[in-house]
Amino acid sequence: MDRTNSQCSIVSFYHTLVHVYLIIRSSFLINKKIKISSVKKISETNNPLSAPAASLDRLEIIYDNNGSVLISPKDKSGFIKHITRLNPQIEAAYKARDKK
């Protein structure tokens with residue numbers, strides 16, 4: 001079991017990969033259980049929509065036909081690597097990086 005915790009004042013966020021599920025909890029507001037096999041795409045985003053994410057540096061997870069959720073794991077690339085190992089069919093879309 002992998003767990004990513006994000007603390008923000010009195011609201012607690014966490015994302016857990018347990019066997020075949022991604023479990024997302026945000027205090028008492030959100031409790032989602034998504035089958036990893038239903039995840040289609042993971043994209044980096046700064047979307048400001050309300051979500052179970054403690055940061056604006058987020059990942060958007062597209063699942064099933066129209067499902068979508070935003071999360072903000074501390075180690076985004078590690079999260080993407082782990083979940084794509086569990087489901088190699090997931091498309092990972094990264095933001096363009098500035099070249100300096």
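1. Let's start with one residue: lysine 41 has a relative accessibility of 29%, so it counts as partly exposed. Here buried means under 20% relative accessible area, exposed means over 50%, and partly exposed lies in between (1.4 Å probe, protein chains only).

2. A word on what you are looking at: this is a predicted model, in which local features need pLDDT of at least 70 and side-chain atom pairs count only at pLDDT 80 or more, while totals for chains, interfaces and linings use all residues. Residues are numbered from 1 along each chain as its sequence is written, and side-chain values use heavy atoms, with hydrogens and water left out.

3. Now find the partner of lysine 41. Its side chain meets that of glutamate 91 in a salt bridge, at 4.0 Å from N to O. A salt bridge is a side-chain nitrogen of Lys or Arg within 4 Å of a carboxyl oxygen of Asp or Glu. Because glutamate 91 lies in strand S8 and lysine 41 in strand S5, the pair ties together parts 50 residues apart in sequence. Glutamate 91 is partly exposed, at 44% relative accessibility.

4. Those strands belong to an open sheet of 4 strands, in the order S7-S6-S5-S8 and with mixed pairing. Strands S7 (67–71) and S8 (91–93) are the edge strands, each pairing on one side only. Helices (H or I, at least four residues) and strands (E, at least two) are DSSP runs, numbered from the N terminus, and two strands pair if DSSP finds at least two bridges between them.

5. Look next at S5 (residues 39–45) and S6 (residues 58–63): they run antiparallel and are joined by 6 bridges. In S6, arginine 58 is the bridge partner of threonine 45. Helix H1 (residues 76–86) packs on the sheet, touching S5, S6, S7 and S8, and its direction makes about 20° with that of S6. Contact means heavy atoms within 4.5 Å; axes are lines fitted to C-alpha atoms, for helices over the stretch in contact, and angles run from 0 to 180 degrees between N-to-C directions.

6. Which residues of H1 are buried? They are Lys76, Phe79, Ile80 and Ile83. Seen down the axis of H1, these buried residues fall within an arc of 95°, so they line one face of the helix; the arc is that of the directions from the helix axis to the C-beta atoms. On the other side of H1, Lys81 and Arg85 are exposed.

7. Lysine 76 deserves a second look. It is buried, with a relative accessible area of 12%, and its side chain meets that of glutamate 44 in a salt bridge (3.2 Å, N to O). Lysine 76 also forms a salt bridge with aspartate 57, the closest N and O atoms being 2.7 Å apart. Aspartate 57 lies in the loop between S5 and S6 and lysine 76 in helix H1, so this pair ties together parts that are 19 residues apart in sequence. Glu44, Asp57 and Lys76 are thus linked in a network of salt bridges.

8. Finally, visit tyrosine 63 in strand S6. At 11% relative accessibility, tyrosine 63 is buried. Leaving aside neighbours within four places in sequence, tyrosine 63 is in contact with several residues, including Ile34, Val39 and Val69. The side chain of tyrosine 63 also makes a polar contact with the side chain of lysine 32 (3.4 Å). A polar contact is a pair of N or O atoms within 3.5 Å; within protein, one must be able to donate a hydrogen and the other to accept it, and residues adjacent in sequence count only if both atoms are side-chain atoms.
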